[in-house]
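Here are a few exercises to work through with the structure open beside you. Try each task before reading its solution.

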Amino acid sequence: MTIRLKETDAAVIGIGWTGSIVARELTKAGLNVVGLERGSKRMPRENFTLPSVRDDLKYAVRQELFQDAQLETVSLRHSPADTALPIRRLGSFLPGTDLGGAGAHWNGMTWRLLPSDHNLRTHLTERYGRDAVPAEMTIEDFPVSYDELEPYYDKFEKLCGVSGKAGNLGGQIINGGNVFEGPRQNEYPNPPLTRSMAGEIMTQRGAQSWLPSVSGTIKQRQQGLHQLRRADARRL
Ligand SMILES: Cc1cc2nc3c(=O)[nH]c(=O)nc-3n(C[C@H](O)[C@H](O)[C@H](O)COP(=O)(O)OP(=O)(O)OC[C@H]3O[C@@H](n4cnc5c(N)ncnc54)[C@H](O)[C@@H]3O)c2cc1C
């Protein structure tokens, strides 16, 4: 039976990051928007709080937050002569499903590309010579430069509250941030996260003890590691 719903200005099919950003922009422009999502309605308070969020069987084994390949099958063939076969269980590429799509469970890492990532072929050729990129390698420049995309990086970081410390504000290098990043017009909307103990060991003391010794002997490196371990034992 066909159900006739009230007319609306726009319908967005699929409410992941892309669909929700499009819907938000359209509603800001004054349109009435309906979002149609194939999956269920998952809300942070009901679905992503302790202890139920730690349900390994549901999420890690049965992969409930991902497209069910048995319902919506993707088929694969390795050559045009093969018969396409259905993939019943997805491996590394896991399309999201449910309200929020993959954005409901992503890792929340939102790096900007480096300016040289945007024009990689030109960058490599200029830096390492005409033969640096082998003929059969398909590396190309993006049609959009870092500078053109920068206002949108900025917008997205504000939209989802990315945290960090700028290392290059409008061309001015800032110590404590990533000094290799492209120039940003604004500081991050949120301050850097507090470092966990593991992160602290890895980035501060780990890097400091390793860097001078990387060029040193194996014995020096081992001494650096021993010092680290002794310091950890004392800390624990
Ligand atoms: C485990 C995991 C971790 C990740 N971590 C990161 C990270 O740290 N940083 C990062 O930048 N990216 C990360 N990603 C990638 C990022 O989450 C995705 O690129 C992003 O969420 C894609 O958004 P999207 O809106 O394009 O698609 P999706 O999130 O896939 O949304 C599409 C939506 O459309 C719905 N849909 C599809 N077909 C239909 C239909 N016919 N009718 C109705 N609805 C439909 C789906 O159910 C889904 O909700 C991660 C992805 C995964 C899977």
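**Exercise 1. Find the contacts of E181, then decide whether it is buried or exposed.**

Solution. Start with the contacts: once neighbours within four places in sequence are set aside, E181 touches R112, L114, G167 and N168. Next, place E181 on the chain: it sits in the loop between β6 (172-173) and α7 (197-214). Now check one distance: 8.3 Å separates the C-alpha atoms of E181 and A166, although they are 15 residues apart along the chain. Finally, count neighbours: a residue is buried if 20 or more other C-beta atoms lie within 10 Å of its own. E181 has 20 C-beta neighbours inside 10 Å, so it counts as buried. Please keep in mind that this is a predicted model.

**Exercise 2. Describe the chain as a whole, beginning with its helices and strands.**

Solution. The count comes to 8 helices and 6 strands. Reading along the sequence, you should get the pattern β-α-β-α-α-β-β-α-α-α-β-β-α-α. For burial, look at all 236 residues in the chain: buried residues make up 8% of them. Then turn to the contacts with a separation of 6 or more: 46% of these join residues 24 or more positions apart.

**Exercise 3. Check the lengths of α1 and α6 against the rise of 1.5 Å a residue.**

Solution. Take α1 to begin with. This helix has 12 residues, and its first and last C-alpha atoms are 16 Å apart, close to the 16 Å expected. Just beyond α1, G30 adopts a positive phi of about 100°.

Now repeat the check for α6 (residues 146-159). Its 14 residues should span 20 Å at 1.5 Å a residue, and the end C-alpha atoms are 19 Å apart, so the two values agree. Just after α6 you will find G161, with a positive phi of about 60°.

**Exercise 4. Compare the backbone and surroundings of Q63 and D98: which is buried and which is partly exposed?**

Solution. Begin with phi. Q63 has a positive value near 50° and is not a glycine; D98, also a residue other than glycine, has a positive phi of about 80°. Locate them next: Q63 belongs to the loop between α3 and β3 (74-76), while D98 belongs to the loop between β4 (85-87) and α4 (115-118). The last step is the neighbour count within 10 Å. Q63 has 15 other C-beta atoms in that range, so it is partly exposed. D98 has 21, so it is buried.

**Exercise 5. Where is P51, and what is the peptide bond from L50 to P51 like?**

Solution. Look between α2 (44-47) and α3 (56-61): P51 is in the loop that joins them. Then read omega for the bond from L50 to P51: the value is near 0°, and the bond is cis.

**Exercise 6. Work out what surrounds the ligand and why it lies between domain 1 and domain 2.**

Solution. First, collect the shell: 25 residues surround the ligand, and the closest are G14, G16, G101, W106 and N107. Second, sort the shell by class, which gives 9 nonpolar, 13 polar and 3 charged residues. Third, ask which helix gives the most: α1 (residues 17-28) does, with 3 residues. Last, bring in the domains. Domain 1 (37-104) and domain 2 (108-193) both give residues to the shell, so the ligand lies between them.

Terms used. Residues are numbered from 1 along each chain as its sequence is written. This is a predicted model: local features need pLDDT of at least 70, side-chain atom pairs count only at pLDDT 80 or more; totals for chains, interfaces and linings use all residues. A residue is near a molecule or strand if its C-beta atom, placed from the backbone, lies within 6 Å of it. Helices (H or I, at least four residues) and strands (E, at least two) are DSSP runs, numbered from the N terminus. Ala, Val, Leu, Ile, Met, Phe, Trp, Tyr, Cys and Pro count as nonpolar, Asp, Glu, Lys and Arg as charged, and the others, Gly among them, as polar. Domain bounds come from an automatic or database domain assignment. The expected span of a helix is 1.5 Å times one less than its number of residues. A residue is buried if 20 or more other C-beta atoms lie within 10 Å of its own, exposed if 12 or fewer, and partly exposed in between; C-beta atoms are placed from the backbone. Two residues are in contact if their C-beta atoms, placed from the backbone, lie within 7 Å.
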